Protein chains: 2
Amino acid sequence: MLSKNKQKHITALGRKKIRDQEKLFVAEGQKLVLDLLQSDLNCQYLIVDEKWISTQSSLNTDVEIIKTSSDSIKKVSGFKSTPSIIGVFEQNSHRLEMNTLKNQLCLFLDDIQDPGNLGTIIRLADWFGIKSVICSKACADVYNPKTIQSTMGAIARIQTHYVETLPFFEEYKSLNCPVYGTFLDGKNLYQEELNNNGLIIMGNEGKGIQDKLEPYVSSRLFIPNYPPEVATSESLNVSVATAIICAEFRRRLG
Amino acid sequence: MLSKNKQKHITALGRKKIRDQEKLFVAEGQKLVLDLLQSDLNCQYLIVDEKWISTQSSLNTDVEIIKTSSDSIKKVSGFKSTPSIIGVFEQNSHRLEMNTLKNQLCLFLDDIQDPGNLGTIIRLADWFGIKSVICSKACADVYNPKTIQSTMGAIARIQTHYVETLPFFEEYKSLNCPVYGTFLDGKNLYQEELNNNGLIIMGNEGKGIQDKLEPYVSSRLFIPNYPPEVATSESLNVSVATAIICAEFRRRLG
């Protein structure tokens, strides 16, 4: 039985303020929740469809399991189609240690607004072995249910940090690492030197990289369109652009 | 004034059945609608916020313009934040000529379900000079408002075709062009031969490429993760994977 209190709790976790206070987030759906249960994240409790669970051999976990009807799950789910399982997990908290960034390739997300884009970027960062994703405070929330969904479980493996943009860049500068940014007037990605460490800035969906960050950029990159002389779409979706750039950094190491 | 009839018309165009019957679609928002007005697509009529239009020097078009209140636009808009302009456009209709595919690099989308992914793929196809996107009948609708939004205007420049999957592949086979697919057990994308022409199959978000298409695939590709020996996310988002593959095809020509 899903108590009124638990119902209220899950619904309340739909709000960033409450997620921040409680340091919790909600994950929905079989694949995602089962993946997260295998991860280092702590699960507070699970809500499962009583019919679905009866068909499962075992849910190998000592987490509290609340069995309830599909109708009750529907009331608290943010999905169109009611999931068979919902999990409430503790947020990962990592201290940002600037020194550890020195030898890594990291991403800096400059006001990425769309939770789907943010989640997709976290998922591809995981694919390309990028361990730290630094977000400006104006970015979407990594614990937004849509972000969580788009990460497909990668949220458990990537360290995300929210920072004040300029102080972060001032501090990062002292590491003497390259800083890459994509610009429509940048240089051909495939002809530029790319390092194994450094920071790749990805700009906001509509506005690109903020002017005030440009002085910190040591290498201005451009993803060449094809054929070069033909006017095409003005730009690429930000998660798509991030993917192409990260893939190229990693290809060079291959 | 927005008549009741026009209100009903726009709302009805939210349904695929009606869009198919009338061969029309709805685009919302200033940037997208103004882009589409510059394109080859015919616009049937525009609905504009009367306050917004009074601040515009001119809307350089001879299309019927219906001025109305922001509140009226809100009633017919599918957006969270009410746009200042909505346009009703005629769908592009292109006959699929197999012969013209012979010398092109094309995409085949195998049951791509998410309209956002579909739109993002159309947008990146435009960036990489891929003119034809062939969709299986089970793909999302290119004229779904979310797809249109994600294409960011590229819908006007890309030819999309819905086909019966197996008959299409049978016919494509006779062109003797390479067929590429991505598979988790495929070969390193960066070490395989890639042609200037051929068909790239991208599989469904959850299931990948259907088994029945495998016999048609001449080259099985894999986007290497990094570092290669570490288990990461199982896969990449389909629009992200499409982007990395298309970028690599085009890089080879650069």
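Reader: What turn and what shift lay chain A on chain B?

Author: This is a predicted model, and in it a turn of 180° with a shift of 0.0 Å along the axis lays chain A on chain B, at an RMSD of 0.0 Å.

Reader: What is that relation called?

Author: A turn of 180° with a shift of 0.0 Å is the relation of a two-fold axis.

Reader: How do you know which surface each copy uses to meet the other?

Author: Look at who takes part. Of the interface residues of chain A, 100% are also interface residues in chain B, so the copies meet through the same surface. The contact draws 31 residues from chain A and 31 residues from chain B.

Reader: Which helices of chain A each supply at least two residues of the side that touches chain B?

Author: Those are α7 (115–127) and α10 (238–253) of chain A. The largest share comes from α10(A), with eight residues.

Reader: What is the make-up of that side by class?

Author: The side of chain A that touches chain B holds 17 nonpolar, ten polar and four charged residues.

Reader: Let's turn to single residues. Why is I201(A) put in its burial class?

Author: The cut-off for buried is 20 or more other C-beta atoms within 10 Å. I201(A) has 26 such neighbours, so it counts as buried. As for its place, I201(A) sits in strand β9 (residues 198–202) of chain A.

Reader: What does I201(A) touch, leaving aside neighbours within four places in sequence?

Author: Its contacts include F108(A), D110(A), V179(A), Y180(A) and G181(A), and also I209(A), L213(A) and V217(A). Take Y180(A): it is 21 residues away from I201(A) along the chain, yet their C-alpha atoms are separated by 6.0 Å.

Reader: How much of chain A is joined by contacts between residues at least 24 apart?

Author: Counting contacts between residues at least 6 apart in sequence, 77% join residues at least 24 apart. Chain A has 254 residues, and 42% of them count as buried. Its secondary structure comes to ten helices and ten strands, and its C-alpha atoms fill a box of roughly 60 × 40 × 35 Å along the principal axes.

Reader: Why are M152(A) and N176(A) put in their burial classes?

Author: Set each count against the cut-offs: 20 or more other C-beta atoms within 10 Å makes a residue buried, and 12 or fewer makes it exposed. M152(A) has 22, so it is buried. N176(A) has 8, so it is exposed.

Reader: What is the phi of each, and where do they lie?

Author: Phi of M152(A) is positive, about 55°, although the residue is not a glycine. N176(A), also not a glycine, has a positive phi near 60°. M152(A) lies in the loop between α8 (145–151) and β7 (159–163) of chain A, while N176(A) is in the loop between α9 (165–173) and β8 (179–188) of chain A.

Reader: Over in chain B, what makes β8 and β9 count as a pair?

Author: Two strands pair if there are at least two bridges between them. Strand β8 (residues 179–188) and strand β9 (residues 198–202) of chain B have three bridges, in the parallel sense, so the cut-off is met. Y180(B) stands opposite I200(B) in β9(B). β8(B) also pairs with β10 (residues 219–222) of chain B, in the parallel sense, over five bridges, and there K187(B) has L221(B) as its bridge partner.

Reader: How does the reach of helix α7 of chain B compare with what is expected?

Author: This helix has 13 residues (115–127) and reaches 19 Å from its first C-alpha to its last, close to the 18 Å expected at 1.5 Å a residue.

Reader: What makes you say whether α7(B) is mostly covered or open?

Author: It is mostly covered, with 13 of its 13 residues buried. Just after α7(B), G129(B) takes a positive phi of about 65°.

Reader: Which residues have the most contacts inside the largest nonpolar core?

Author: They are L107, L109 and I244 of chain A, along with L107, L109 and I244 of chain B, in a core of 135 residues. Beyond its neighbours within four places in sequence, L107(B) is in contact with residues including I121(B), A125(B), I200(B) and T242(B).

Reader: Last one: which peptide bond of chain A is cis, and where is its proline?

Author: The cis bond joins Y226(A) and P227(A), with omega about -15°. P227(A) is in the loop between β10 (219–222) and α10 of chain A. In chain B, the bond from Y226(B) to P227(B) is cis, with omega near -15°.

Notes: Residues are numbered from 1 along each chain as its sequence is written. Chains are lettered from A and ligands numbered from 1 in the order in which they are written. This is a predicted model: local features need pLDDT of at least 70, side-chain atom pairs count only at pLDDT 80 or more; totals for chains, interfaces and linings use all residues. Two residues are in contact if their C-beta atoms, placed from the backbone, lie within 7 Å. Helices (H or I, at least four residues) and strands (E, at least two) are DSSP runs, numbered from the N terminus. Ala, Val, Leu, Ile, Met, Phe, Trp, Tyr, Cys and Pro count as nonpolar, Asp, Glu, Lys and Arg as charged, and the others, Gly among them, as polar. Copies are superposed by least squares on the C-alpha atoms of residues with pLDDT of at least 70 in both. The expected span of a helix is 1.5 Å times one less than its number of residues. A nonpolar core is a set of buried Ala, Val, Leu, Ile, Met, Phe, Trp, Tyr and Cys residues joined through C-beta atoms within 7 Å.
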